[in-house]
Amino acid sequence: MIRATTGGVLRGYRTNLMNSFITLNNSRNTMLTQRNFNSYAEDPAAASKSFQLRRARMATQSQYNICDDTYRKYQQGVSALQAVNEMIATENGSDLATLKDAALRVLNEPTGDARAALSRTLSQISDTIIQSMNTKYGDNFVFAGADGQNVPFEVIDNKLYYRGIPVDAEVPAVVQDAANGNAQFKVDAQGNIDANGQYYIKAGSVSTMDKAAFDGMDPADQPRVLRDATGAPVTVDADGNIDPNGDFYLNTENIETISQEDYETCQKNLAKLDYLADEKYFVDIGLGFKENIKGELIEASGFNAALNGLTYLGYGTDADGDPKNIYSIVQKLSDIAARAQDKPWTEADYNEFYELTGKLESRSSEYTTQFINTDASTTKLKNNLELLEESFYTLQEQYSELEDVDMADAITSFVWAQYCYNAALKVGNSILSESLIDYMN
């Protein structure tokens with residue numbers, strides 16, 4: 001027979017009362033937080049899965065923010081490109097408002113005053129184009145490639161520069177030595193052969209003449225040709241490159257030289273432009289963003305957020321030595337038109353203007369192609385934003401199903417726990433009533 005003492009009853013009651021209080025408090029917390037668990041220990045399996053879902057949701061949120069920012073930048077860029085396209089296009093509903101219109105009118109305009117006005121129009125439109133290409137999104141320049149802090153295009157002395165490098169940079173063709181691995185042929189500043197010379201001969205400043213024809217001429221009538229240290233004429237091939245077995249001589253009546261330092265600077269400038277035109281800045285918009293085994297980014301897993309102004313306007317020079325960028329072509333057209341404003345067209349000016357107009361047309365077509373590609377990229381970003389948003393809400397629903405409590409059940413549990421606790425307090429009043437023994441020592 002077990003004897004129920006007052007102390008035993010009291011201890012059992014206090015234990016059960018505390019359990020009721022804990023149950024009530026847990027039910028209250030569940031109802032207030034609206035979560036199935038508030039610590040990893042309460043449900044390790046659900047907590048682990050919920051952590052993975054939350055981490056994926058945070059990554060998706062970051063990708064969405066990056067994609068949205070890139071999309072807004074591209075939108076700003078497309079707006080600027082659209083404005084430039086309207087200034088280039090043949091028809092946009094405004095008289096003398098496009099480069100092509102103005103250039104064609106210069107060719108067909110019979111009066112000098114009109115050519116002067118059209119020359120100014122060409123120059124003004126080209127300046128406006130550069131202003132549009134220097135547009136900004138927030139604090140960053142849109143068409144500055146990966147460097148959004150510095151202005152991309154600058155015009156200094158009517159010459160266009162991209163991030164401090166002349167856009168019309170070219171490496172001039174120089175006379176080469178076929179007998180020495182086609183290395184540049186060194187001369188002094190006057191064009192005399194000098195193995196230690198620091199200058200090269202510009203290939204465009206010399207012409208070739210048949211060796212037999214030269215030898216058959218009267219010495220007094222022979223033009224100046226390139227000679228070696230002994231004074232003997234140097235033979236070249238048909239292209240003007242030094243060749244001991246060549247059948248030609250170099251006519252150097254109007255020879256031009258370029259210093260080795262300037263030549264190397266031209267090479268560096270063109271190499272920099274090539275690099276800047278292909279400059280990339282990849283961002284993670286949810287395409288995977290992975291590296292290969294060499295630690296290099298797999299470009300297909302990222303999105304190139306860089307917009308390079310050189311891609312649209314062009315850079316460098318062509319085989320004729322004419323610029324390949326729209327601004328410089330237009331400036332050259334403007335100069336020719338201004339030169340011919342007070343006199344009829346000369347054949348040379350007209351032909352040069354006509355050829356440049358064709359090159360402007362070609363360059364404009366390339367601009368349109370790049371513009372369309374950028375617009376397509378903007379659409380891609382917009383579609384990706386919608387996918388990321390859908391993925392975000394899907395992940396949110398998944399972890400909500402794990403963590404969020406059924407409020408009807410939570411309230412019911414809380415009310416029941418509160419009822420049990422109140423009942424326990426009332427029971428305590430009846431079983432713990434004071435007696436005479438409580439007052440005795």
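## Overall build

Contacts first: of those in the chain with a separation of 6 or more, 66% are between residues 24 or more positions apart. Keep in mind that this is a predicted model.

The chain runs to 441 residues, and 37% of them count as buried. Its secondary structure adds up to 10 helices and 15 strands. As for dimensions, the radius of gyration is 41 Å, whereas a compact globule of 441 residues would come in near 22 Å. Put the C-alpha atoms in a box along the principal axes and you get roughly 150 × 55 × 35 Å.

## Strand E4 and its two partners

Strand E4 covers residues 159-162, and its two faces don't look alike: Leu160 and Tyr162 sit on the covered face, while Lys159 and Tyr161 are on the uncovered one.

On one side, E4 pairs with strand E3 (residues 153-156), antiparallel, over four bridges. Lys159 of E4 is the bridge partner of Ile156. E3 and E4 make a hairpin with two residues between them, and Asp157 in that turn has a positive phi of about 55°.

E4 also runs antiparallel to strand E5 (residues 165-166), joined to it by two bridges. Here Tyr162, from the covered face of E4, has Ile165 in E5 as its bridge partner. Again there's a hairpin with two residues in between, and this time Arg163 is the turn residue with a positive phi, about 50°.

## The largest pocket

How much space lies in the largest pocket? About 750 Å³. Two or more lining residues come from each of E4, helix H6 (260-277) and helix H8 (326-339), so by the strand and helix definitions used here the hairpin strand E4 turns up again in the wall of this pocket. H8 is the top contributor to the lining, giving four residues.

The lining takes in 32 residues, and the ones nearest the pocket centre are Asp168, Glu170, Thr317, Gly321 and Pro323. What does the lining divide into, by residue class? There are 13 nonpolar, eight polar and 11 charged residues. Among the five nearest the centre, Asp168 and Glu170 belong to the charged class, Gly321 goes with the polar one, and Pro323 is nonpolar.

If you're wondering why a probe comes into pocket finding at all, rolling one the size of a water molecule over the atoms shows where empty space is left.

Technical notes. Residues are numbered from 1 along each chain as its sequence is written. This is a predicted model: local features need pLDDT of at least 70, side-chain atom pairs count only at pLDDT 80 or more; totals for chains, interfaces and linings use all residues. Side-chain values use heavy atoms; hydrogens and water are left out. Buried means under 20% relative accessible area, exposed over 50%, partly exposed in between (1.4 Å probe, protein chains only). Two strands pair if DSSP finds at least two bridges between them. On a 1 Å grid over the protein atoms alone, a cavity is a set of points where a 1.4 Å probe fits but cannot get out, and a pocket is an open set with protein on both sides within 12 Å along at least five of seven lines; lining residues have an atom within 4 Å of a point. Grid points are joined across faces, edges and corners, and a volume is the space filled by probe spheres set on the points. The radius of gyration is taken over C-alpha atoms; the globule rule is 2.2 Å times the number of residues to the power 0.38. Contact means heavy atoms within 4.5 Å.
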